[in-house]
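Visitor: I should like to examine one part of this protein closely. Please take me through that part residue by residue, and then place it within the rest of the model.

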Amino acid sequence: MHAPDDALRQQELMRRADPASNLEPAQAEQAAREAEAWSRRLGLTRETLQAGVWLARHLFHLGRHAQALAQAQAVLASPPAGAESALVAEALRLTALAACELGQFDVAIDAAQSLMQRAAAAEDAATPLNAAIALAVCFERLGDMWQAERLLSRALEAHGERGPDVVVASACNALCAVCAQVARLLHDSDAPEERLSVLERGRVAGEKGMLIAGRLGNALYQAVLQTNLAEVLIGAGRYDQACRLLEQALAIAERQGLSTYGQYARMLLADAWLHRGDASRAFRLAVGLLAEAGDGTAAATLSRLHDVAARAASAMRRYKVANDHLVAAQQIERRLLTTQMRIQSELLVTRSEELRARQEADRARRDAREQQARAAQLQADAERDSLTGIGNRRHLERRASELLSALSEGAQALTLVMFDVDHFKQVNDRHGHAAGDAVLVALASQASRCIRGGDVLVRHGGEEFVLLLPGAGLAEGQEISERLRGQVERMTVESPGGTKLSVTISIGLAAAPAYSLPELLARADAALYEAKRGGRNRVCLAAAQAEG
């Protein structure tokens with residue numbers, strides 16, 4: 001049984017790890033790590049999953065994309081049965097975003113497509129919006145800015161009014177960022193009206209996101225939205241306003257240790273200074289950022305920095321330096337374009353090939369699902385007691401094999417409970433076997449209501465039942481057993497003939513160590529025998545533990 005202080009500690013860690021707490025990301029990340037560990041230790045499945053998703057999110061915001069991807073994939077690798085759809089969807093979104101940052105586009109697109117499939121069946125607004133964000137980022141990184149913008153605009157139009165504030169703000173931020181990139185591509189085009197229209201859509205999305213982020217009091221979202229809105233304003237020629245936003249974003253980024261966002265904001269600040277005519281200041285900042293750039297700096301950011309440095313050097317009439325930076329920017333752009341084309345050729349196929357592949361995949365999935373369903377049904381039938389509907393001896397052996405191995409590694413608590421119906425033979429002799437069966441069914445039903453989510457209840461044979469309690473020490477096992485004994489004592493069972501029957505049970509307990517099913521069963525059986533000898537309708541502990 002866990003101490004009350006343990007639960008309070010876990011709850012406090014969960015509160016600090018929650019992104020809504022607005023804790024600094026580095027502190028929130030540490031809190032999420034501890035919350036995940038404490039939740040797992042206390043057997044809190046949902047909280048373990050929630051903390052794991054929050055941890056991936058904090059790692060992503062700190063720019064530690066490889067760790068964020070690994071964490072999100074770990075969450076997705078073994079989600080507990082009945083895991084909340086929203087948490088799984090968030091893990092998929094983070095997988096897509098982190099994989100895009102790392103250039104693992106096959107992983108990103110798989111995650112985004114899984115999210116889109118969930119969105120198609122979702123009744124909430126958050127899942128479709130998150131799916132649009134994930135897929136739009138994939139399109140944007142693969143060079144299809146227009147498709148990314150259309151996807152986000154449609155998602156916001158369809159779901160923006162009823163989506164959660166934090167998700168709507170994220171979608172507005174993504175649309176603002178994509179519009180800024182589309183406007184950059186249209187800078188020297190013969191479509192100035194289209195460019196201005198794109199910038200206006202980006203401004204509207206950015207300002208809407210800023211309002212929501214301000215209402216939420218979320219400093220991280222405010223900094224990111226300020227940065228992307230500033231880029232739109234630079235494209236629109238509103239340099240003074242852009243500089244003010246960037247200085248505010250930088251203050252937040254530096255205060256919260258958001259180095260990746262801070263680097264991008266300073267790059268945009270150098271661009272704004274250059275547009276305002278301060279070429280020398282812009283050049284020094286751009287060159288300084290290039291000198292600080294490490295392996296984790298995005299290639300697109302490096303290209304932009306070289307571009308700013310080239311334009312600033314040219315304005316200062318340092319043409320050789322300008323040419324060197326221009327060549328460096330073009331080399332990076334060529335590599336990016338080559339990467340995008342290669343990835344597109346690997347990931348995209350012709351429509352006829354795609355249709356055929358989809359049909360074959362659908363057929364294979366249907367066959368696999370049917371085979372899995374048949375296998376699962378056979379497995380379930382083989383491990384189910386036909387009378388009571390709970391597990392049987394075979395189910396106990398399989399689950400015990402899984403649990404005992406895992407629990408023994410950390411010497412974790414485990415209690416085995418064995419119980420049976422007192423004077424069951426008299427029930428059968430006086431009222432018939434149909435009445436005895438009714439008693440067993442009622443007992444299985446009552447026991448099922450007394451146990452926790454991860455416990456294992458089986459009919460071990462005849463009128464004997466076994467309950468395996470992972471994570472529960474002897475005191476907690478005794479408490480559960482006493483509760484079950486009392487409820488059975490107060491229970492009334494109606495036989496098929498209409499007779500009202502009352503029964504009692506005797507219970508024997510044994511706790512680990514050792515982590516051996518035969519040994520635990522033998523000790524619990526001996527304790528059950530002592531309960532019978534002591535007058536029945538009671539709970540007895542295994543001898544060594546009763547003495548301890």
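Guide: Ala 438 has a relative accessibility of 18% and therefore counts as buried, the limit for that class being under 20%. This alanine belongs to helix α20, which covers residues 433–450. Apart from residues up to four places away in sequence, Ala 438 touches Val 493, Glu 494 and Pro 496. A longer view is given by Ser 170, which is 268 residues from Ala 438 in sequence and 57 Å from Ala 438 in space, C-alpha to C-alpha. The model under discussion is predicted. Its mean pLDDT is 86, and 92% of the residues reach 70 or more.

Helix α20 spans residues 433–450, and the contacts of Thr 388 lead back to that stretch of the chain. Thr 388 touches Leu 440, Val 441 and Ala 444, and also Arg 459, when residues up to four places away in sequence are not counted. Thr 388 itself is placed in the loop between α17 (351–382) and α18 (393–409). With a relative accessible area of 15%, Thr 388 is buried. Its side chain also makes a polar contact, at 2.7 Å, with the side chain of Asp 385.

Helix α18, which follows that loop, contains Ser 401. Here the setting is exposed, since the relative accessibility of Ser 401 is 52% and the class requires over 50%. Between the C-alpha atoms of Ser 401 and Ser 189 there are 67 Å, with the two positions 212 residues apart along the chain.

Strand β1 (residues 414–421) is the next element to consider, and Asp 420 is located in this strand. Asp 420 is buried, its relative accessible area being 10%. The side chains of Asp 420 and Lys 532 form a polar contact at 2.6 Å. Lys 532 also appears among the residues in contact with Asp 420 beyond four places in sequence; the others are Glu 463, Glu 464, Thr 504, Ile 505, Ser 506 and Leu 528. Two of these partners, Ile 505 and Ser 506, fall within strand β6 (residues 505–511), the element with the highest mean pLDDT, 95. The lowest mean value, 63, belongs to helix α23 (residues 543–547).

The loop between β1 and α19 (424–431) holds His 423. Phi of this histidine is near 55°, a positive value in a residue other than glycine. His 423 is partly exposed, with a relative accessible area of 41%. A positive phi, near 50°, is also found at Asn 537, again a residue other than glycine. Asn 537 lies in the loop between α22 and β7 (539–541).

The backbone between β6 and α22 (517–533) also deserves attention, for Pro 513 is in that loop. The peptide bond from Ala 512 to Pro 513 is cis, with omega near -5°. The bond that joins Pro 513 and Ala 514 is likewise cis, with omega about 5°. Ala 514 is found in the loop between β6 and α22 as well.

A final remark concerns internal space. A search of the whole structure finds one cavity of 30 Å³ or more, and the largest cavity has a volume of about 160 Å³. Of the 15 residues in its lining, Pro 19, Leu 23, His 58, Asn 218 and Leu 220 are the closest to the centre. The elements giving two or more residues to this lining are α2 (25–41), α3 (45–61) and α11 (219–235). By class, the lining residues are seven nonpolar, six polar and two charged.

Technical notes
Residues are numbered from 1 along each chain as its sequence is written. This is a predicted model: local features need pLDDT of at least 70, side-chain atom pairs count only at pLDDT 80 or more; totals for chains, interfaces and linings use all residues. Side-chain values use heavy atoms; hydrogens and water are left out. On a 1 Å grid over the protein atoms alone, a cavity is a set of points where a 1.4 Å probe fits but cannot get out, and a pocket is an open set with protein on both sides within 12 Å along at least five of seven lines; lining residues have an atom within 4 Å of a point. Grid points are joined across faces, edges and corners, and a volume is the space filled by probe spheres set on the points. Helices (H or I, at least four residues) and strands (E, at least two) are DSSP runs, numbered from the N terminus. Ala, Val, Leu, Ile, Met, Phe, Trp, Tyr, Cys and Pro count as nonpolar, Asp, Glu, Lys and Arg as charged, and the others, Gly among them, as polar. pLDDT is the predictor's confidence in each residue, from 0 to 100. Buried means under 20% relative accessible area, exposed over 50%, partly exposed in between (1.4 Å probe, protein chains only). A polar contact is a pair of N or O atoms within 3.5 Å; within protein, one must be able to donate a hydrogen and the other to accept it, and residues adjacent in sequence count only if both atoms are side-chain atoms. Contact means heavy atoms within 4.5 Å.
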